[in-house]
Amino acid sequence: TRYYYRVEDNGVVDNSITGQLLTDPAPAGSPASYTICCVGDAGATPLTPGVGGVAVPGRMSNHTIFDLVRQRALAEGWLRLCHIGDICYYDLGSGNHGLSASATVAQYRSMWDDIFLQTRQHQLYREVPWVYIWDDHDFGPNNSDSTAPGRNNALSVYRERIPHYPLGAGSGNPVYHSFQIGRVLYIVSDTRSARVPGSTMLGSAQLAWTEALLASSSAAALVWLMPTPWLGLSSDTWAGFTAERATIVGWLQAGGWTNRMWMINADAHCLTMTTPGGNAHGGFPVALCAALDATPHTWTSQYDMGMWPGRNQYATVRIDDDGSDIALTTTVWRNTTPLAWQTVVAGGTTRIPAASPSHVLAL
């Protein structure tokens, strides 16, 4: 059902802005077919800098890609916009870009005020239900971790300003969470606020929660929203946390998840995905879904289906559930052109070979 809303403040209805939302098609646990959109990275050398007198226009974006995603979402009935990090590049706590290095609560609030001053972004977020998790540039400095100067302030303002599913108790806890649409479980990982370089990416509390969720969930399929690339070469990716990555793979294998899941990453400013079995760390398919409006760059050849650095880019995950099989089709897009796609049939052994010519479009 589609609902429309306006805000009433002190008895006065603001008729200048109308928001809308589309509710889920079925209760959690019941078959449901739908599409979600996954995006990331806008504000590194943006083609369309920020508007509205923001603190650092060149570190956020008001690009028309936000309009395109919104228009498709409304026309095609997408249920969620999943933003997987680097919604801007303020690098709070670094002292760069003319900003104070103090990373106060007021600075994080101002950063979000600036984001919502971007008219195209704001309209997207008030018309399409969205899920958001940060990466480094919108949590703290570049390659930030639990030692970021504004860590606790970032966690506090996230809870204050961002719509979210239930989080762990306590304002100092990471903001990982999960939700379920139909028979598909979604995990949203916080890979920054508990990270200790060379030791842990997720931290003990998040790891324990993840293990318990994977062991107890009755969902038929899984989509893991992971801001930090699962495949990579640098220590800022999961390549810097190989023991922890192997532990998670063990949990996924023990629960039979690896043949009924997708993992979606952002951070790298390109589109790519792995073929069935092409991911050497777990075998499940992985896709990169960026960049909306950030400096294009290539990534590791560990993703074996080709690579498309660029802007105006995002991914969709289509869930087709007939009550028996669940087909999860991930497509990577540049504007309205699909560049590659692949389908996993949850719980079965059949996967459509997306590396065939019909599934990869050469530009």
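How many bridges join E15 to strand E16 (residues 326-334), and in which sense do the two strands run? In this predicted model, E15 and E16 are joined by 9 bridges and run antiparallel. The briefing below starts from that hairpin, moves to the open sheet and the helices associated with it, and ends with the helices H2, H3 and H4.

**Strand E15 and its partners**

- Strand E15 covers residues 313-321 and is mostly covered, since 7 of its 9 residues are buried.
- Within the pairing of E15 with E16, glutamine 313 has arginine 334 of E16 as its bridge partner.
- The hairpin of E15 and E16 has 4 residues between the strands, and in this hairpin glycine 323 takes a positive phi near 95°.
- E15 is also joined to strand E5 (residues 34-39), in this case by 5 bridges, and these two strands run antiparallel.
- In that pairing, the bridge partner of threonine 35 is arginine 318 in E15.

**The open sheet of 7 strands**

- An open sheet is formed by 7 strands in the order E8-E9-E10-E11-E13-E12-E14, with mixed pairing.
- Strand E8 (177-181) and strand E14 (307-309) each have a single partner strand and stand at the edges, so one side of each is left without a neighbour in the sheet.
- From one strand to the next, the twist of this sheet averages 20°.
- Inside the sheet, strand E10 (residues 221-226) pairs with strand E11 (residues 261-265) in the parallel sense, over 5 bridges.
- Methionine 226 stands opposite asparagine 265, a residue of E11.
- In a regular strand, side chains alternate between the two faces of the sheet.

**Helices H5 and H6**

- Helix H5 lies across three strands of the sheet, namely E8, strand E9 (184-188) and E10, and runs at about 175° to E9.
- Helix H5 (residues 204-216) also packs with helix H6 (residues 242-254), at an angle of about 20° and with the axes 9 Å apart.
- Because angles under 35 degrees count as roughly parallel, that angle makes H5 roughly parallel to H6.
- The crossing of these two helices, H5 and H6, is right-handed.
- H5 brings Leu207, Thr210, Glu211 and Leu214 to the contact, while H6 brings Glu244, Ile248, Trp251 and Leu252.
- Sorted by class, the residues of the contact between H5 and H6 comprise 5 nonpolar, 1 polar and 2 charged.
- An α-helix has 3.6 residues a turn, so residues three or four places apart point the same way.

**Helices H2, H3 and H4**

- The axes of H2 and helix H4 (residues 151-161) come within 9 Å of each other and cross at roughly 45°.
- H2 and H4 are therefore oblique to each other, and their crossing is right-handed.
- On the H2 side the contact is made by Val105, Tyr108, Arg109, Trp112 and Asp113, and on the H4 side by Asn153, Ala154, Val157, Glu160 and Arg161.
- By class, this contact of H2 with H4 has 5 nonpolar, 1 polar and 4 charged residues.
- In helix H3 (residues 119-127), the buried residues are Gln121, Leu124, Tyr125, Arg126 and Glu127.
- The buried residues of H3 pack against the helices H1 (65-76) and H2 (105-116), and also against the strands E1 (2-5), E4 (19-22), E6 (80-83) and E7 (130-132).
- Helix H2 thus appears in two settings, as a partner of H4 in the oblique crossing and among the elements that the buried residues of H3 pack against.

Conventions
Residues are numbered from 1 along each chain as its sequence is written. This is a predicted model: local features need pLDDT of at least 70, side-chain atom pairs count only at pLDDT 80 or more; totals for chains, interfaces and linings use all residues. Side-chain values use heavy atoms; hydrogens and water are left out. Axes are lines fitted to C-alpha atoms, for helices over the stretch in contact, and angles run from 0 to 180 degrees between N-to-C directions. Angles under 35 degrees count as roughly parallel, over 145 as roughly antiparallel, 65 to 115 as roughly perpendicular and the rest as oblique. A crossing is left-handed if the near helix is turned anticlockwise from the far one by less than a right angle, and right-handed if clockwise. Contact means heavy atoms within 4.5 Å. Ala, Val, Leu, Ile, Met, Phe, Trp, Tyr, Cys and Pro count as nonpolar, Asp, Glu, Lys and Arg as charged, and the others, Gly among them, as polar. Two strands pair if DSSP finds at least two bridges between them. Buried means under 20% relative accessible area, exposed over 50%, partly exposed in between (1.4 Å probe, protein chains only).
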